[in-house]
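User: Please take a close look at one helix near the end of this chain and explain, step by step, how it sits among the other parts. I am a first-year student, so please build the picture up gradually.

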Amino acid sequence: MRNRLLLIIILWIAGNHSYAQKNTLDFYLQEAIRNSPLLKDYQSQIESNGIDSERIRAQYKPQVTGSSINSLAPVIHGYGYDPAVTNGGQLSGIVNVNQALVSRSNLSAQYKNLQLQNEGIANNSRITEQDLKRTITNQYLTAFGTLQELGLAKEIHDLLKKEVDILKTLTEKNVYRQTDYLTLLVTVQQQDLSLRQLDIQFHNDYATLNYLAGIVDTAAVNLDEPSFTISSPPGIDHSVFFQKYTIDSLILVQNRELINYNYKPKVNIYANGGYLSSFAYQGYKNFGASVGLDLTVPIYDGKQKKMQYRKLDISERSRNNYKSFYASQYYQQISLLRQQLQQTESLIGDINNQIKYSDGLIQVNTRLLETGDAKIADLIIALNNYLTAKNLLTQNKVSRLQIINQINYWNR
């Protein structure tokens, strides 16, 4: 009984822990990475290359095949194939063993080519993971920003309702006119509509977040504010985005080496044994064996080797063009993002000052309302200014986090 109770407690804690984690950015990042079919496909490609490596090893081992030819070419009343050609027929059952002779350096070159392909796939996987993280983070911040605007709208709505209750009492005492009360009441109704619209927008943003992360869930939850720190991007030579061009260069070099091996002499030894007979003479004695050696030496193929080299040269030029363009854009883009971050942070400071003034104006108008000295139009303007400033603050805070997310995108 005690163990069963302990198990229930553990499961309850685990369940609550899992639910709490759902509010965080890390949860959605982990789910997106875990569910991504593209990342799984990259892993499958690496596994497939592992099989190709085994196939290379297998194809240079002795290859054993069996063959059988069974034919009859009768001559009837002088009509039929020439017996000198057909021997009247043939019966054979032979086991063949072939062994291609290949140098160790040739095998190493083929294995190296697969290794470089795996490195390229792994590098693409890391870039894809960065793309996925950036996309999920941006959508999380979009949903979080809408949630903050929704919370602010609720705050203003509650404040307006409180002001309406005060104004209603004062209107009944003829301190304010009926039109003043109705004006504020209409403002509350407008805020109700805005509140509903923001609620719909948040649910849409949250559904999109789940969709991008591969999560099947329709129940919206509260989202925690993410905490970001700026990670300095590595040197351009160590960036995964730049590493792609290095790997491509090595693959082109390796392809050139493989072309060279394709134009070297090829040697194959073989042996076979079995039964081969035309039954022309003592067919029961036609059991035997043979051995041999095949040598293939390329002499002329229309200069295809040079054509393949030229294709590699074109690929190398294209690679250098992409590399040069990326190198010129890399630091420029990071510098631009840092400039945007600085401007956004400066704007946030100015907006905070504006909010202080707007909040003070609301408090003054609220006190004047209680004494019957406030102008309803001034109160509504103050509330709208406060709401606008707070929304602008929320938007710029989210924008700041999105800029940091863009900077951190390049940190791998």
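Analyst: A suitable place to begin is Asn391, which lies in helix α9. The model is a predicted one, and every value below is computed from it. Helix α9 comprises residues 376-409.

Is Asn391 buried or exposed? Its relative accessible area is 18%. Since a residue counts as buried when this value is under 20%, Asn391 is classed as buried. What, then, does Asn391 touch? When its neighbours within four places in sequence are left aside, Asn391 is in contact with Glu149 and Leu152. The numbers of these two partners fall within 104-172, the span of helix α5. The contacts of Asn391 therefore lead from α9 to α5, and α5 is the next element to examine.

Helix α5 contains Thr142. With a relative accessible area of 31%, Thr142 is partly exposed, because its value lies between the limits of 20% for buried and 50% for exposed. Apart from its neighbours within four places in sequence, Thr142 is in contact with Asp205 and Gln402. Gln402 has a number within the range of α9 (376-409), whereas Asp205 has a number within that of α6 (178-213). A separation can be added to this picture: Thr142 and Asn405 are 263 residues apart in sequence, yet their C-alpha atoms are 12 Å apart in space.

Asn405 brings us to the largest pocket. This pocket has a volume of about 370 Å³. Its lining consists of 17 residues, and those nearest its centre are Leu29, Thr137, Phe228, Asn405 and Asn408. Which elements give two or more residues to this lining? They are α2 (25-35), α5 (104-172) and α9 (376-409). Of the elements, α5 contributes the most, with 4 residues. As for chemical character, the lining divides into 9 polar, 5 nonpolar and 3 charged residues.

Helix α2 has now joined α9 and α5 in the account, and Ala32 is found in that helix. Ala32 is buried, for its relative accessible area is 3%. Beyond its neighbours within four places in sequence, Ala32 is in contact with Leu132, Ile136 and Ala213. Leu132 and Ile136 have numbers that fall in the span of α5, and Ala213 has the number at which α6 (178-213) ends. Ala32 can also be related to the starting helix: its C-alpha atom is separated by 16 Å from that of Tyr409, although the two residues are 377 places apart along the chain.

Helix α5 has a further partner. Leu258, in helix α7 (residues 240-262), counts as buried at 18% relative accessibility. Setting aside its neighbours within four places in sequence, Leu258 is in contact with Ala109, Gln110 and Asn113, whose numbers again fall in the range of α5. The C-alpha atoms of Leu258 and Asn106 are separated by 7.7 Å, while 152 residues separate them along the chain.

Two loop residues offer a contrast to the buried ones. Asn174 lies in the loop between α5 and α6 (178-213), and it is exposed, with a relative accessible area of 69%. Its phi is near 65°, a positive value in a residue other than glycine. Lys303 is placed in the loop between β5 (287-296) and α8 (304-371). Lys303 is also exposed, at 52%, and has a positive phi of about 65° although it is not a glycine.

How do these parts fit into the whole chain? Its secondary structure comes to 9 helices and 5 strands, in the order α-α-α-β-β-α-β-α-α-α-β-β-α-α. The radius of gyration is 39 Å, well over the 22 Å that the globule rule gives for 412 residues, so the chain is more spread out than a compact globule. Along its principal axes, the C-alpha trace spans about 135 × 60 × 55 Å. Buried residues account for 33% of the chain, and Asn391, where we began, is one that counts as buried. Finally, among contacts between residues at least 6 apart in sequence, 83% join residues at least 24 apart.

Conventions. Residues are numbered from 1 along each chain as its sequence is written. This is a predicted model: local features need pLDDT of at least 70, side-chain atom pairs count only at pLDDT 80 or more; totals for chains, interfaces and linings use all residues. Side-chain values use heavy atoms; hydrogens and water are left out. On a 1 Å grid over the protein atoms alone, a cavity is a set of points where a 1.4 Å probe fits but cannot get out, and a pocket is an open set with protein on both sides within 12 Å along at least five of seven lines; lining residues have an atom within 4 Å of a point. Grid points are joined across faces, edges and corners, and a volume is the space filled by probe spheres set on the points. Ala, Val, Leu, Ile, Met, Phe, Trp, Tyr, Cys and Pro count as nonpolar, Asp, Glu, Lys and Arg as charged, and the others, Gly among them, as polar. Buried means under 20% relative accessible area, exposed over 50%, partly exposed in between (1.4 Å probe, protein chains only). Contact means heavy atoms within 4.5 Å. The radius of gyration is taken over C-alpha atoms; the globule rule is 2.2 Å times the number of residues to the power 0.38.
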